[in-house]
Amino acid sequence: VSTQSTGSSGINAEYGIAALRSIRKFANLPEDTKEKYTHSKSNYSFGWSHGKERMRNGVPDTAKGSYYANPLGDVITDDQYLKDTFPELYADNIWPTEDQPELEPAFKNMTHIQLGVGYMICELFDRYLHSLTNGVHSSGHFLEMLKRGTTCKGRLLHYFPAPPLLATLKMGCVGGTLITVVSPYSPALSILI
């Protein structure tokens, strides 16, 4: 796999490779080590989450593990009321600096790219809607909402090897990594690598 920048996109493939390696390495740490980086108060919306999400039938989803953080900053507010009342949005980022220090810079580099892609998509969507509605949709509406937001969520997603039947159902996404950035102001952006 080449680590050179991919053509004219300006996206450095090295960041993606580093993120993939980091989340895979983290996912394979001992369970008690990974547990140090969970945050139950936020319903596992910060730090590591594996087997905490429930599928429709109530069975824990153990096929994947996710590492969540806010790509805009490690501490986005000092308001303790917001942190206590809405921990899913306002908790501080949790980084495994003791057990895997390379995860934090890899995550931040990758989510920086994702935010840029999200901004580009919102800008294009705004232009399209502005044109489609003959100017009723204000140009830059969604882009500005996304840029004003402070509670974005970045996610590195690691799929663990699955049994053969599940592997077939996932259409070959076994052992892969999905990187997602989420904002309350726009749809989630996910990239399977």
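The following paragraphs lead the reader through a predicted model, beginning with its strands and ending with its loops.

A suitable starting point is strand β2, which spans residues 64-69. Six of the six residues of β2 are buried, so the strand is largely enclosed by the rest of the structure. In a regular strand the side chains alternate between the two faces of the sheet. In β2, K64, S66 and Y68 point one way, while G65, Y67 and A69 point the other way. Residues of both sets are buried.

Strand β2 has two pairing partners to consider here. One is strand β1, residues 47-50, which runs antiparallel to β2 and is joined to it by four bridges. Within this pairing, S49 of β1 stands opposite S66 of β2. S49 is buried, because its relative accessible area of 3% falls under the 20% limit for that class. Leaving aside residues up to four places away in sequence, S49 touches Y44, K64, G65, S66 and Y68. The other partner is strand β3, residues 153-159, which pairs with β2 over six bridges, again in the antiparallel sense. Here Y67 stands opposite L156 of β3.

Y67 and L156 also lead to the nonpolar interior. In soluble globular proteins, nonpolar side chains tend to be buried together. The largest nonpolar core of this model has 18 residues. F26, W48, Y67 and L156 are the members with the most contacts inside that core. Helix α1 (13-27), strand β2 and helix α5 each supply at least two of its residues. The greatest contribution comes from α1, which gives four residues. A second core, separate from the largest one, has five residues, among them L115, C122, L146 and C152.

The next feature is the packing of two helices. Two packed helices are described by the angle between their axes and the distance between the axes. Helix α5 covers residues 103-132 and helix α6 covers residues 141-148. They pack at an angle of about 150°, and their axes are 7 Å apart. Since angles over 145 degrees count as roughly antiparallel, α5 is roughly antiparallel to α6. From α5, the contact is made by G118, Y119, C122, E123, F125, D126 and L129. From α6, the contributing residues are H141, F142, L143, L146 and K147. By character, the residues of this contact divide into seven nonpolar, two polar and three charged. C122 and L146 take part in this contact and also belong to the second core.

The loops complete the account. The loop between α2 (31-35) and β1 holds N43, and S40 is found in that loop between α2 and β1 as well. N43 is not a glycine, yet its phi is positive, near 55°. N43 counts as exposed because its relative accessibility of 54% is over the 50% limit. S40 is partly exposed, with a relative accessible area of 47%. In sequence, S40 and P87 are 47 residues apart, and in space their C-alpha atoms are 9.6 Å apart.

The loop between α5 and α6 contains N134. N134 likewise has a positive phi, about 55°, although it is not a glycine. With a relative accessibility of 73%, N134 counts as exposed.

Terms used
Residues numbered from 1 in each chain as written. Predicted model: local features only at pLDDT ≥ 70, side-chain atom pairs only at ≥ 80, totals over all residues. Heavy atoms only, no water. Buried < 20%, exposed > 50% of the residue type's maximum accessible area, 1.4 Å probe, protein only. Pairing = 2+ DSSP bridges. Axes fitted to C-alpha atoms, helices over the stretch in contact; angles between N-to-C directions. Parallel < 35°, antiparallel > 145°, perpendicular 65-115°, else oblique. Contact = heavy atoms within 4.5 Å. Nonpolar A, V, L, I, M, F, W, Y, C, P; charged D, E, K, R; others polar. Core = buried A, V, L, I, M, F, W, Y, C linked by side-chain atoms within 4.5 Å.
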